[in-house]
Amino acid sequence: KQWYQRRVAITAGVIERVVNHPGCNAEGTLFGLLRTLIDPENMHRSLNRLEKSEFLQFFYKNAMHRLTEPIILATHGTECLKYVSKTENSSLVASVLDVLSFAVENHTYHVKNYILSKEIFQKVLLLMNPRYSF
């Protein structure tokens, strides 16, 4: 359980840092750390499937909404908002999309439910529209 608590605290801290301070010098490093933390292959070998599943459930229930907040803020209905036009925000949205791509490759069950329930796919498609390129 100590491993779980540390991973939860670090994951939440990394997400808060990148979302609250877009464009910070360490953004790329922090997103790399986040990918490492949520990578099932990097989870401690002594953990059983249940413990790994518990962490992923925490991530999708308590942290993913905060991570995807920049995508949600960048869109409204069928329109992109000016939020994305700022360089630091567009960089943040691109980094979040990168983590989402990683999640799709590695967390098929959890990410599928999250993306469908929060309509993230529709928002990502809107952001990819050339009319709104950033």
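**Group meeting: a strand residue, a helix pair and a pocket**

Hi everyone, let's start with Thr-75, which sits in strand β1, residues 75-76. Please keep in mind that this is a predicted model. Is Thr-75 buried or exposed? Its relative accessible area comes out at 5%, and under 20% counts as buried, so Thr-75 is buried. Who are its partners? If we set aside neighbours within four places in sequence, Thr-75 touches Cys-80, Leu-81, Lys-123, Leu-126 and Leu-127.

Now, on to the helices. Two packed helices are described by the angle and the distance between their axes. Here I'd like you to look at α2, residues 27-38, and α3, residues 49-67. Their axes come within 12 Å and cross at roughly 155 degrees. Anything over 145 degrees counts as roughly antiparallel, so that is how α2 and α3 run relative to each other. Which residues meet there? From α2 we have Phe-31, Leu-34, Leu-37 and Ile-38, and from α3 Phe-55, Leu-56, Phe-59 and Leu-67. That contact is made up of 8 nonpolar residues, with no polar and no charged ones.

Let's stay with α3 for my last stop, the largest pocket, since α3 gives the most to its lining, with 4 residues. The space in this pocket is about 180 Å³. Around it you'll find Pro-40, Arg-49, Lys-52, Ser-53, Leu-56 and His-110. You may recognise Leu-56: it lines this pocket, and it is also one of the α3 residues that meet α2. As for character, the pocket lining splits into 2 nonpolar, 2 polar and 2 charged residues.

Thanks for listening, everyone!

Conventions:
Residues are numbered from 1 along each chain as its sequence is written. This is a predicted model: local features need pLDDT of at least 70, side-chain atom pairs count only at pLDDT 80 or more; totals for chains, interfaces and linings use all residues. Side-chain values use heavy atoms; hydrogens and water are left out. Axes are lines fitted to C-alpha atoms, for helices over the stretch in contact, and angles run from 0 to 180 degrees between N-to-C directions. Helices (H or I, at least four residues) and strands (E, at least two) are DSSP runs, numbered from the N terminus. Angles under 35 degrees count as roughly parallel, over 145 as roughly antiparallel, 65 to 115 as roughly perpendicular and the rest as oblique. Contact means heavy atoms within 4.5 Å. Ala, Val, Leu, Ile, Met, Phe, Trp, Tyr, Cys and Pro count as nonpolar, Asp, Glu, Lys and Arg as charged, and the others, Gly among them, as polar. On a 1 Å grid over the protein atoms alone, a cavity is a set of points where a 1.4 Å probe fits but cannot get out, and a pocket is an open set with protein on both sides within 12 Å along at least five of seven lines; lining residues have an atom within 4 Å of a point. Grid points are joined across faces, edges and corners, and a volume is the space filled by probe spheres set on the points. Buried means under 20% relative accessible area, exposed over 50%, partly exposed in between (1.4 Å probe, protein chains only).
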